[in-house]
Amino acid sequence: MAKGKLALGLDIGSTGVKLVALKEHRRKGQIGYALLSFGMKPLPPEAIVDGALMNSTAIVQAIQELLAELKIKTKEVAIGVSGHSVIIKKISMPRMSQEELEEAIQWEAEQHIPFDIKDVNIDTQILKPDANDATGQMDVLLVAAKKDMINDYTTVVSEAGLNPQVVDVDAFAVQNCFSTNYDVPANETVVLINAGAAVVNINIISGGVTTFTRDVTIGGNQFTEEIQKQLNVSYEEAEALKIGGRQNDADAVVPQEVERVMTQVAEQVAGEIQRSLDFYAGTAADATFSKVYLSGGTAKIPALFKTIEARVGVPVEILNPFKLIEIDNRKFDPSFIMDVAPMAAVAVGLALRRPGDKLD
């Protein structure tokens, strides 16, 4: 990693904007991090639909309000993207240097990407560059993101007065956050699931390296919509019931009814996740997972946690993005930080980046 200050981590999600600023320090030769700023602002419904920015004004305003409230002076920012407009593939290519790869990848990418190559930004990373493969092949992670989507996001960030320096992928931001906070044995395969309101990012890491990623367009909104539809309540009431809130008229909706709907949707979401894991298992030599780490706002729904654990058959742990990050309890309310921690994984991962970094 290059020297210099860390970027701000700005996670523009479909229901809200989260901002994290970290400070790096060295003690006894070890690099550590401390939390400088953290804040969240909700976005109006439908501000972002299927990853497309429908209400840029509201997003700009939310970012500006956060910057003002947190008194942030830093302008360099890292943002994340995910969903339909991002393609991540692991491909096999003849062994070559990163420089040679950057020239060759344009031709190779055309075979793997369903978009016109002129319409996407491409990035690559050689997986396990030190591995010696007798066949002379190497695994390469190919990432392509649509230019118009990146342009939409960077424009909104610039309009809010920030300087977008790094565009990462949400699944990799979570991985960055995970590897900073957790020590996983090199021989284990773990699954990182980041369950947001509209998209679930799945990232399978084997021996510390990404071996499979998929974004599934399903998430926390499904729970709210089903409660609204099946129990005949408003969207706001459904949202409150989803997160365990009470209505004024407590008799109107029976908790068991809410539980039933939640379990139904959790089965659907877990089923989608299971399908992705089964697909991976069909292509991988060793597909035994030791653990699932769950993050994102939807991770807080107990029914989902339980259903994934039952379906996948391995322990599920809620990922804590602040596990090894120093937090000053005089500056931050510990109970608030613990409550919102699962939602902060992408923002923390982005806040670990430096202006000018390549994709991790």
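Me: What percentage of the 360 residues of the chain count as buried?
Reply: In this predicted model, a residue is taken as buried when its relative accessible area is under 20%. By that criterion, the share of the 360 residues of the chain that count as buried is 51%.

Me: How many helices and strands does the secondary structure of the chain come to, and what is its radius of gyration?
Reply: The chain comes to 10 helices and 16 strands. For 360 residues the globule rule gives 21 Å, and the value for the chain is close to that, so the chain is as compact as a globular protein of that length. Its radius of gyration is 21 Å.

Me: What part of the accessible surface of the chain belongs to carbon and sulfur atoms?
Reply: The C-alpha atoms fill a box of roughly 70 × 50 × 45 Å along the principal axes, and the accessible surface of the chain comes to about 17300 Å². The part of that surface that belongs to carbon and sulfur atoms is 50%.

Me: In what order do the five strands of the open sheet stand?
Reply: The sheet is open and its pairing is mixed, with β13 (209-216) and β15 (316-318) as the edge strands, each of which pairs on one side only. From one strand to the next the twist averages 20 degrees. Read across the sheet, the order is β13-β12-β11-β14-β15.

Me: Which residue of β13 stands opposite N203?
Reply: Strand β12 (residues 200-206) and β13 pair in the antiparallel sense over seven bridges, and the two form a hairpin with two residues between them, where G207 in the turn has a positive phi of about 60 degrees. Within this pairing N201 stands opposite D215, while the residue that stands opposite N203 is T213.

Me: Why is β13 described as largely enclosed by the rest of the structure?
Reply: Although β13 is an edge strand that pairs on one side only, helix α7 (residues 255-283) packs on the sheet and touches β11, β12 and β13, with its direction at about 140 degrees to that of β13. The strand is largely enclosed because, of its eight residues, the number that are buried is six.

Me: Which helices do the buried residues of α5 pack against?
Reply: Helix α5 (residues 220-231) has 12 residues, which at 1.5 Å a residue should span 16 Å, and its end C-alpha atoms are 17 Å apart, which agrees. Its buried residues are G220, N221, F223, T224, E226, I227 and L231, and after the helix comes N232, whose phi is positive, near 55 degrees. The helices that the buried residues of α5 pack against are α6 (235-242), α7 and α8 (302-312).

Me: Which residue of β2 is the bridge partner of D11?
Reply: Strand β1 (residues 8-12) and strand β2 (residues 16-27) pair in the antiparallel sense over four bridges, and they form a hairpin with three residues between them. In β2, the bridge partner of D11 is K18.

Me: Which residues of β1 are buried on each of its two faces, and which residue of β6 stands opposite L10?
Reply: Five of the five residues of β1 are buried, so the strand is largely enclosed by the rest of the structure; L8, L10 and I12 lie on one side, with G9 and D11 on the other. The strand also pairs in the parallel sense with β6 (residues 76-81) over three bridges. The residue of β6 that stands opposite L10 is I79.

Conventions: Residues are numbered from 1 along each chain as its sequence is written. This is a predicted model: local features need pLDDT of at least 70, side-chain atom pairs count only at pLDDT 80 or more; totals for chains, interfaces and linings use all residues. Side-chain values use heavy atoms; hydrogens and water are left out. Two strands pair if DSSP finds at least two bridges between them. Axes are lines fitted to C-alpha atoms, for helices over the stretch in contact, and angles run from 0 to 180 degrees between N-to-C directions. Contact means heavy atoms within 4.5 Å. The expected span of a helix is 1.5 Å times one less than its number of residues. Buried means under 20% relative accessible area, exposed over 50%, partly exposed in between (1.4 Å probe, protein chains only). The radius of gyration is taken over C-alpha atoms; the globule rule is 2.2 Å times the number of residues to the power 0.38. Accessible areas come from the Shrake-Rupley method with a 1.4 Å probe; for residues, only the protein chains shown count as cover.
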